[in-house]
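Biologist: I would like a close look at the aromatic residues in this protein and at what surrounds them. Could you walk me through that part?

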Amino acid sequence: MFDFAVSPGQRYDDLAKALAAMLAGERDAIANMANAAALIWQYIPDLNWAGFYRVAGSELVLGPFQGKPACIRIAFGRGVCGTAASTGAVQCVADVHAFPGHIACDSASASELVVPVIWNGHVVAVLDLDSPLPGRFSQEDAEGCGRLVEILADGSNWDKH
Ligand code: SME
């Protein structure tokens, strides 16, 4: 579908453009998360899981993703995803085994990046990326994924979800 250059900076520029094009004219948050997860899974290397958890009350519920089946509900404050949701801060974890309360959905995961999706000033979902490589995610990945979730947040209607 897309053929991207390989340098990480250029990759996120290209991904941002592709995501904006894919979301144009569609506001359904579930559909947009599904296409965003598929795009990320196809074009960000060395992932074993890529997807979303949606905020539902005081917990997170599994959303669209690519990879192995995963745990469905995560309480705010629990694990890497619950920490990102409760603090609103990006969690870039080089070694998941050293993260207190890490939830091991896939034993292959070694490092993890979780980026909150913020809409109207509050967290509505989190983007969760897992890698089998320790220390896989850099500041560039955190910033690049931050740009992607901004496009997703702005381009979707979160009222109904
Ligand atoms: N490892 C996550 C749970 C979700 S899975 O990685 C898909 C966590 O600790 O929150």
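Modeller: Happy to; we will start with the aromatic rings and then move on to the cores and one helix.

This is a predicted model, in which local features need pLDDT of at least 70 and side-chain atom pairs count only at pLDDT 80 or more, while totals for chains, interfaces and linings use all residues. Residues are numbered from 1 along each chain as its sequence is written, and side-chain values use heavy atoms, with hydrogens and water left out.

A search of the whole structure turns up two aromatic pairs. Rings of Phe, Tyr and Trp (its six-membered ring) pair if their centres lie within 6.5 Å; planes under 30 degrees apart count as stacked, over 60 as edge-to-face and the rest as tilted. Trp49 and Tyr53 are stacked, because their ring centres are 5.9 Å apart and their planes meet at 25°. Trp49 also stacks with Phe65, at 5.1 Å centre to centre and 15° between the planes. Trp49 belongs to strand E1 (residues 49–56) and Phe65 to strand E2 (residues 59–67), so this pair ties together parts that are 16 residues apart in sequence. Helices (H or I, at least four residues) and strands (E, at least two) are DSSP runs, numbered from the N terminus. Trp49, Tyr53 and Phe65 form one aromatic cluster.

How accessible is each ring residue? Buried means under 20% relative accessible area, exposed over 50%, and partly exposed in between (1.4 Å probe, protein chains only). Trp49 is buried at 4%, Tyr53 is buried at 1%, and Phe65 is partly exposed at 27%.

Now the cores. A nonpolar core is a set of buried Ala, Val, Leu, Ile, Met, Phe, Trp, Tyr and Cys residues joined through side-chain atoms within 4.5 Å. The largest has 34 residues, and Val117, Leu129 and Trp158 touch the most other members. Helix H1 (8–23), helix H2 (29–43), E1, strand E5 (111–119), strand E6 (122–131) and helix H4 (139–154) each supply at least two of its residues. A second, separate core of 16 residues includes Trp49, Val55, Val96 and Val123. Leu129 is in contact (heavy atoms within 4.5 Å) with residues including Trp49, Ile40, Leu113 and Cys145, not counting residues up to four places away in sequence.

Finally, H4: its buried residues, among them Cys145, Leu148 and Leu152, pack against H1, H2, E1, E5 and E6.
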